[in-house]
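Hello,

Here is the structure I promised to pass on to you. Please have a look at it first, and then read my notes below.

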Amino acid sequence: MIALQFPCTIFKTQKWMDDYSASDMRYGDLTEAQLKSQYRLDYISDQVDPWTLTRRSSMDRPQSMFCCNLRGQGKKITRQQCAAMLFDEFRWLSHKFSLHGPYSHLIEKMITHMQNSSGTPFRDISLDRALKDHIIKDDSQENSTRLLLQKAFEDNIDWENNIYPSIENAKLYEAISGGKLPKFDRFQDNFNGMGITVHDTWATHITIKSLHIDNGHFRAMVHYKVQDHFGLDGDDIMSEKFRQFHLFRIWFVLQRYNQFGFRPFMTNMESTIEITGTHK
């Protein structure tokens, strides 16, 4: 019987890593007319009007009876000043989605990365820690890829010869496919900063780095590589869930308006976890 050789990548999502052709990775591709007519993005910010490049006053806001009469009469600013003010408002508005916890600082850091880094990928040790914490603390027997992999190892290891048969490789893929990949869509992610920074994920690769079997026990080192896109597409901004918040309207305009065109970027996370088990 042939043993499975390690490291061995056992799972890849259908969506690709580094897919810069994805719809939420577009930037600078929409005109003012398109943003207003197709996406109903007329009022964007309480601070500035990006269409007329003017500052807003407290009376030039939807809740003011003077709003429509004062539109465009504020102090003129440059396009660069307007973008800077929108990014400041973007950061300020993000606080309600990152109220507490060890990851609450990430959203401001990622917004600033979008402002300054021309689309380069983003890595942060806190993201890696959040991924590891999510995987380890997921104790759902039905959904946890960690627990489903543990069971697949226990059921399919050749315990007499202390190997994992290569012929049973598909069982590892099936185990992961039967669970839920780590995503930051839990209730607590609405407030801890992970829902706004990552939320769903785009692509996941899972690799068994090593497997040690001895005396009825096994220890596997499993590497998760996860990638998300820090960007918005048309479906995002057209959903009521997103468009109700100024934050997402500002984000979409900064990214997609052809007078701004700030580039979205890949958010990369990695974590290696240990999975152990015994011969049942």
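**A buried histidine**

H223 has a relative accessibility of 17%, so it counts as buried, the cut-off being under 20%. Please keep in mind as you read that this is a predicted model.

Where does H223 sit? Its place is in strand 5. The side chain of H223 makes a polar contact of 2.9 Å with the side chain of E270. With the side chain of T272, the side chain of H223 makes another polar contact, again given as 2.9 Å. If you set aside the neighbours within four places in sequence, the residues in contact with H223 are H205, I206, T207, K209, E270, S271 and T272.

**The sheet around it**

Now to the sheet. Four strands form an open sheet in the order 1-4-5-6, and their pairing is antiparallel. Which strands are at the edges? They are strand 1 (8–12) and strand 6 (265–278), each of which pairs on one side only. From one strand to the next, the twist averages 20°.

Strand 1 pairs with strand 4 (residues 203–214) in the antiparallel sense, over four bridges. In this part of the sheet, K12 stands opposite H205 of strand 4. You have met H205 already, as one of the residues in contact with H223.

**Helices on the sheet**

Two helices are worth finding on your screen. Helix 5 (residues 125–137) lies across strand 5 (217–230) and strand 6, and it runs at about 35° to strand 6. Helix 7 (residues 169–177) packs on the sheet as well, where it touches strand 1 and strand 4. The direction of helix 7 makes about 35° with that of strand 1.

**Salt bridges**

How many salt bridges does the structure hold? There are 14, and here are a few of them.

In one, the side chains of D124 and K109 meet, with 2.6 Å from N to O. This pair links distant parts of the chain: K109 is in helix 4 (106–116), D124 is in the loop between helix 4 and helix 5, and the two are 15 residues apart. Are these partners buried or exposed? D124 has a relative accessible area of 9%, so it is buried. K109, at 42% relative accessibility, counts as partly exposed.

Another salt bridge joins D155 and K151, whose closest N and O atoms are 2.6 Å apart. Both residues lie in helix 6 (residues 145–156), with their positions four residues apart in the count, about one turn of the helix. D155 is partly exposed, with a relative accessible area of 47%.

K180 and D185 form a salt bridge too, and their closest N and O atoms are 3.2 Å apart. K180 is partly exposed at a relative accessible area of 38%, and D185 counts as partly exposed at 35% relative accessibility.

Finally, which residues are joined into one network by salt bridges that share partners? They are R123, D128 and E270. That brings us back to the start, as the side chain of E270 is also in polar contact with the side chain of H223.

I hope this helps you find your way around.

Best wishes

Conventions. Residues numbered from 1 in each chain as written. Predicted model: local features only at pLDDT ≥ 70, side-chain atom pairs only at ≥ 80, totals over all residues. Heavy atoms only, no water. Pairing = 2+ DSSP bridges. Axes fitted to C-alpha atoms, helices over the stretch in contact; angles between N-to-C directions. Contact = heavy atoms within 4.5 Å. Buried < 20%, exposed > 50% of the residue type's maximum accessible area, 1.4 Å probe, protein only. Polar contact = N/O pair within 3.5 Å; in protein donor to acceptor, adjacent residues only side chain to side chain. Salt bridge = Lys/Arg side-chain N within 4 Å of Asp/Glu carboxyl O.
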